[in-house]
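Colleague: Before I rely on the labels attached to this model, I would like to hear how each of them was earned.

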Amino acid sequence: MGFFQVELTKNVRVHPRHFHSKLKETLIQTLMDEVEGTVSGRFGFVVSVLEVLQPLPKGILREGFGFAIYPLKYKALVFRPFKGEVLDAVVTNVTRHGIFAQVGPLTIFVSRHQIPSDMTHDEETASYISVVEKAERIQRDSAIRLRVNGIKIDASSFTAVGTILDDYLGLVE
Amino acid sequence: MVVETMLNRSRVPSGLRSVQLVPELEDATTLQLGEDFSSEKAQPLTISEVSILLSRKRDMMRELEGPRAEEFSSVFKKFLEYVERFDRYKGLEAATNVRSLLQRYESLDPFEMACLANLCPADAEEAKTIIPSLKHKIDDSSLNQLLQDLASFTH
């Protein structure tokens, strides 16, 4: 859930100054510099390049420019959230409107209406406390298990909303 | 957002239908992950496996000298922190055992396998509630056995 290994392609452009024995290393390093840490609506967060498929393809020289383009195929570790999946997340912020939690760099908002009504917001401690079980408190750095209710995707990022209303959701650890 | 409200599926020419409507069709509870994440194209990984991959990468980067050594993207750092916190099995041997155990249950989708490993439900009822696609796929006693075996690998 969330993390996948996928095969992707990227056209890596290389300047003629690199056309020597270290070309392969340059290609791989350039690929990593260009894709690692990026996020797309389609594949999610590219966390790490795992492997560049061998043999490397031949470069295609651009007429009149001298650059070569290498269509590299590589395996990547990505994180892609899906509506309906259950995830554990770390609480970063608690307000009377709801809870902000993170899965790595992905922020998921759980609105007040998606928190059980037997939990009340305590302004002073910036937390949600259960009226039944006072020890049960959701605050910054708590881990909560939530279900992703909705995801909005645009070209380069995600916003997600979630719920802890259903059975087996809520505080973990 | 404008794209989503403007496009009415039935009136859009078929060439445009693929744009930005994908999230509406996805639903993990019925294993609809879209074409890019079908089981032929994408392999779901457990948090433990990701933890191993990321720490190897971090160790490799540290061995390099000079300015490259600590140049991790913030995406990488945040996921590394996340998996270290939620890794239940800790270590290559446990992670491998978990993977072998899950692979034996051929009726399960790889996505469901990763969910079970990551969420570690206590019993079949919890498992089928948080991963609804399991409901008619595996009987409770087999599922309970699997969950017990998984729990034996946790740290």
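The exchange below takes the labels in turn, setting values against definitions.

Modeller: This is a predicted model, in which local features need pLDDT of at least 70 and side-chain atom pairs count only at pLDDT 80 or more, while totals for chains, interfaces and linings use all residues. Residues are numbered from 1 along each chain as its sequence is written, chains are lettered from A and ligands numbered from 1 in the order in which they are written, and side-chain values use heavy atoms, with hydrogens and water left out.

Colleague: What makes A:Asp88 and B:Arg88 a salt bridge?

Modeller: The rule asks for a side-chain nitrogen of Lys or Arg within 4 Å of a carboxyl oxygen of Asp or Glu. The closest N and O atoms of A:Asp88 and B:Arg88 are 3.3 Å apart, so the pair satisfies that rule. A:Arg80 and B:Glu26 also form a salt bridge, at 2.8 Å from N to O; here A:Arg80 sits in the loop between β5 and β6 of chain A, and B:Glu26 in the loop between α2 (22-25) and β1 of chain B. Helices (H or I, at least four residues) and strands (E, at least two) are DSSP runs, numbered from the N terminus.

Colleague: How many salt bridges does the rule find across the interface of chain A and chain B, and how many does the structure hold over all chains?

Modeller: Across that interface there are 6, and over all chains there are 15. Chain A and chain B also have 12 residue pairs in polar contact, both residues at pLDDT 80 or more. A polar contact is a pair of N or O atoms within 3.5 Å; within protein, one must be able to donate a hydrogen and the other to accept it, and residues adjacent in sequence count only if both atoms are side-chain atoms.

Colleague: What area is buried between chain A and chain B, and how do you know what to count?

Modeller: Buried area is the accessible area (1.4 Å probe) that two parts lose on being put together, summed over both. For chain A and chain B that gives about 4,000 Å², of which carbon and sulfur atoms give 62%. In chain A, the residues that lose the most area to chain B are A:Met1, A:Phe3 and A:Tyr168, together 19% of what that side buries. Counted by contact (heavy atoms within 4.5 Å), 48 residues of chain A and 45 residues of chain B take part.

Colleague: Why are β1(A) and β1(B) called paired?

Modeller: Two strands pair if DSSP finds at least two bridges between them. Because 3 bridges join β1(A) to β1 (residues 42-44) of chain B, the condition is met, and the two run antiparallel. One of the partnerships is A:Gln5 with B:Gln43.

Colleague: Which strands stand at the edges of the open sheet β9-β10-β11 of chain A, and why?

Modeller: The pairing in this sheet of 3 strands is antiparallel. β9 (119-122) and β11 (137-138) of chain A are the edges, because each has a single partner strand and so has one side without a neighbour in the sheet. Between β9(A) and β10 (residues 127-130) of chain A there are 4 bridges, and A:His121 has A:Tyr128 as its bridge partner in β10(A).
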